[in-house]
Amino acid sequence: MEAEHSPNATPPNPKTMYLFYGFATITVSSTLFLLPFIVTPALPRKLYGALPYQNTPTKHIKTALKLINNRIASKPPPNPTALPPQKLKFVDLGSGAGEATIQASFANFDALGVEINPSLLLYSRVASFISRPPSCQFKSTNLITLPFQNYDVLFMFGVKPLIEQLKPKMISEVRIGGLVCLYRFKLTGMDEHFEIVGREGEVTLYERTPSKINEYNKIKLNLI
Ligand SMILES: C[S@@+](CC[C@H](N)C(=O)[O-])C[C@H]1O[C@@H](n2cnc3c(N)ncnc32)[C@H](O)[C@@H]1O
């Protein structure tokens with residue numbers, strides 16, 4: 001102990017200190033980087049989805065945004081106000097590491113990512129802080145409780161059981177003309193309510209249409 005306080009103790013070599021801090025920085029940042037991918041598969045599957053964490057590859061995110069923008073260009077959403085149109089609202093349901101949300105923000109959407117896993121949320125917030133997208137937010141929210149009617153575009157790389165569970169919510173909450181973009185999975189058995197308006201590879205874009213059954217009933221009622 002005395003040697004530590006001895007005036008004759010040699011100060012640490014600056015090179016050794018740089019090496020020490022460099023090593024510590026690399027260790028801490030790589031642990032933070034890997035945390036979500038290690039933690040997520042270990043979380044209870046009933047709560048956090050049936051599969052270990054997987055993200056949408058960048059090229060498919062680009063395809064999704066291209067399909068969405070093409071659709072918006074060919075059929076712009078109505079602007080009922082006299083005010084200049086605002087940015088369209090995009091939400092990634094289960095935003096994971098945040099790339100789709102960040103890319104959507106750079107593509108001029110008002111983008112929100114909702115995620116239930118705290119370590120992925122932390123990761124996406126750090127990624128957003130570093131890349132500084134113009135209009136991008138991440139929220140700790142269970143997507144089941146999110147009001148879908150507040151968004152123009154819903155994006156999801158969802159596991160099949162979750163999509164099945166969400167179907168009634170999509171029918172009742174997605175606005176007429178609202179877009180739903182799915183990677184990997186399809187909205188099967190929903191032709192009455194959703195029309196495919198774009199597809200490329202594993203990305204499918206749907207638009208919420210007025211329910212055909214309701215339209216049929218209206219026509220019937222008018223006829224009576
Ligand atoms: C397959 S990953 C997709 C990540 C990202 N959207 C992408 O495309 O790269 C699904 C994500 O949904 C999240 N998730 C699962 N159930 C959720 C829920 N009920 N509410 C919010 N997020 C959820 C998971 O934690 C996971 O990060």
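**View A. Packing of helices α4 and α5 in the predicted model.** Helix α4 spans residues 58-74 and packs with α5. The two directions make an angle of about 40°. Their axes lie 10 Å apart. Angles from 35 to 65 degrees fall outside the roughly parallel and roughly perpendicular classes, and α4 and α5 are therefore oblique to each other. The crossing of α4 past α5 is right-handed.

**View B. Residues at the contact of α4 with α5.** From α4 come T58, I61 and L65. From α5 come E99, A100, Q103 and A104. By class, this contact holds 4 nonpolar residues, 2 polar and 1 charged.

**View C. The shell around the ligand.** The ligand has 21 residues around it. N55, T56, G94, G96 and I116 come nearest. Two elements give two or more residues to this shell: α5, residues 99-106, and β2, residues 110-115. Helix α5 thus appears here as well as in the packing with α4. The shell divides into 9 nonpolar, 9 polar and 3 charged residues.

**View D. The open sheet.** The sheet has 7 strands and its pairing is mixed. The strand order is β3-β2-β1-β4-β5-β7-β6. β3 (136-140) and β6 (194-200) are the edge strands. Each of these pairs on one side only. Neighbouring strands are turned by 20° against each other on average, direction ignored.

**View E. Pairing of β5 with β7.** Strand β5 covers residues 179-183, and strand β7 covers residues 203-208. The two run antiparallel and are joined by 5 bridges. V180 has Y206 of β7 as its bridge partner.

**View F. Helix α6 on the sheet.** Helix α6, residues 118-131, packs on the sheet and touches β2 and β3. The direction of α6 makes about 165° with that of β3. Of the two strands touched, β3 is an edge strand, while β2 also gives residues to the ligand shell.

Methods: Residues are numbered from 1 along each chain as its sequence is written. This is a predicted model: local features need pLDDT of at least 70, side-chain atom pairs count only at pLDDT 80 or more; totals for chains, interfaces and linings use all residues. A residue is near a molecule or strand if its C-beta atom, placed from the backbone, lies within 6 Å of it. Helices (H or I, at least four residues) and strands (E, at least two) are DSSP runs, numbered from the N terminus. Ala, Val, Leu, Ile, Met, Phe, Trp, Tyr, Cys and Pro count as nonpolar, Asp, Glu, Lys and Arg as charged, and the others, Gly among them, as polar. Axes are lines fitted to C-alpha atoms, for helices over the stretch in contact, and angles run from 0 to 180 degrees between N-to-C directions. Angles under 35 degrees count as roughly parallel, over 145 as roughly antiparallel, 65 to 115 as roughly perpendicular and the rest as oblique. A crossing is left-handed if the near helix is turned anticlockwise from the far one by less than a right angle, and right-handed if clockwise. Two residues are in contact if their C-beta atoms, placed from the backbone, lie within 7 Å. Two strands pair if DSSP finds at least two bridges between them.
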